[in-house]
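Here are two short exercises to work through with the viewer open. Try each one before reading its solution.

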Amino acid sequence: MIATRVTTDVYARVQHFYARQMQALDDRRFEEYAATFTEDGVFQHSPDIEPARGRAAILDTLVEFDRRFADDPVRRRHWYNQILLEAREDGSLGATVYTLVVHVRPGVRQPEIAPSCVVHDVLELTGDDDVLTRSRLVAYDHLA
Amino acid sequence: MIATRVTTDVYARVQHFYARQMQALDDRRFEEYAATFTEDGVFQHSPDIEPARGRAAILDTLVEFDRRFADDPVRRRHWYNQILLEAREDGSLGATVYTLVVHVRPGVRQPEIAPSCVVHDVLELTGDDDVLTRSRLVAYDHLA
Amino acid sequence: MIATRVTTDVYARVQHFYARQMQALDDRRFEEYAATFTEDGVFQHSPDIEPARGRAAILDTLVEFDRRFADDPVRRRHWYNQILLEAREDGSLGATVYTLVVHVRPGVRQPEIAPSCVVHDVLELTGDDDVLTRSRLVAYDHLA
């Protein structure tokens, strides 16, 4: 029943925040993505890396990840589903979100859709009706 | 125009309810899933079975289905999309929802995404801002 | 920050509108789909066609597209994700939406999921809490 203590207003706000955050990531606007985290935000995008701490480190980790694909014109789209929110005692929100990553290559109509992940976020609601990510941990279903 | 008679508050509430209900199912918390139905709830998860009536029967049908996969470490994630709600005269809601089932096996990065279904629900709004499923019928697109 | 100027009420209303619009399209209720556009609405569903202008032309383009599949009993389902809205100065909304098209054929459990697209819409909020599409442009990721 915890989930329903989150107002529907907050629920829609979080959905919209994720749309903005993920479109920034997928369009490779990495500075904009990093700015969706709190100043001391923590981000672990893959199970085999150390978490990045702070916006500068988050930006670095994304630029580095992106460099691996310098010769691969792949376009990624992160899909989210079944967003579950829980109010936490300090006023933040816990979020558990299903994720699929769609990979598209030029001229290839059929995308690759993999892997299936679960995003575990802690979110902060800001005064101006916005949202920031305090921490993000991505769990891969096939490695669970 | 029927769809718009459902308030946006109810729309977000139903989205959140589905996230909670499906995460319970996919995590194999079957008692929790059964409790998201009304006491006399009806659930038909496959076209080749008789509907289960009441929470105890719903729990039984899930445990039985799950037993078939005792030797298969598959992890399922139910994705929902394009949730359409219609207010019904008795105060309940009719819901028509696109569904895809993501199947992940350990060590296999590429999930199988099948089948495509449509969930037909009747939902009840409860006094404490929660939602319960009165009936659920799953139609498989490839068997339509 | 533009995105957050859109109220959460409008966000949920647009989600519900899309569910209704896409279920009409996928059920081949093409007149109902055409009526979700403004009278002078513009619709370009594929990059290789001229945009259709006005409801009658939109209806024609859908019927023509549908005729190509007269001998193919394919069932399509349009999935939307990461809906990003921006308030425009004239009171309309710009929408950027991830899309995947699920293709199902009778007796084949595994759907084909392709292509990955981005829908670029301009939406109008109507007086009776409804939404209309003023223009829709579909960009294919593999042709970008």
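**Exercise 1.** How many residues does the contact take from chain B and from chain A?

*Solution.* A word on ground rules: this is a predicted model, where local features need pLDDT of at least 70, side-chain atom pairs count only at pLDDT 80 or more, and totals for chains, interfaces and linings use all residues. Residues are numbered from 1 along each chain as its sequence is written, chains are lettered from A in the order in which they are written, and side-chain values use heavy atoms, with hydrogens and water left out.

Step 1: count contacts (heavy atoms within 4.5 Å). Chain B gives 28 residues and chain A gives 28 residues.

Step 2: get the buried area (accessible area, 1.4 Å probe, lost on putting the two parts together, summed over both). That comes to about 2,500 Å², with carbon and sulfur atoms giving 57%. On the chain B side, H16(B), W79(B) and R109(B) supply 31% of the area buried against chain A.

Step 3: look for salt bridges (Lys or Arg side-chain nitrogen within 4 Å of an Asp or Glu carboxyl oxygen). There are two between these chains; E112(A) and R109(B) meet in a salt bridge at 3.5 Å, N to O.

**Exercise 2.** Which side chain of opposite charge is nearest to D26(C)?

*Solution.* Step 1: find D26(C) in helix α1 (a DSSP run of H or I, at least four residues), residues 8-26 of chain C.

Step 2: check the charges (Lys and Arg positive, Asp and Glu negative; His and chain ends not counted). The nearest is R77(C), 5.2 Å away, and D26(C) has no salt bridge although buried (under 20% relative accessible area, 1.4 Å probe, protein chains only).

Conventions
Helix = DSSP H or I, 4+ residues; strand = E, 2+ residues; numbered from the N terminus. Buried < 20%, exposed > 50% of the residue type's maximum accessible area, 1.4 Å probe, protein only.
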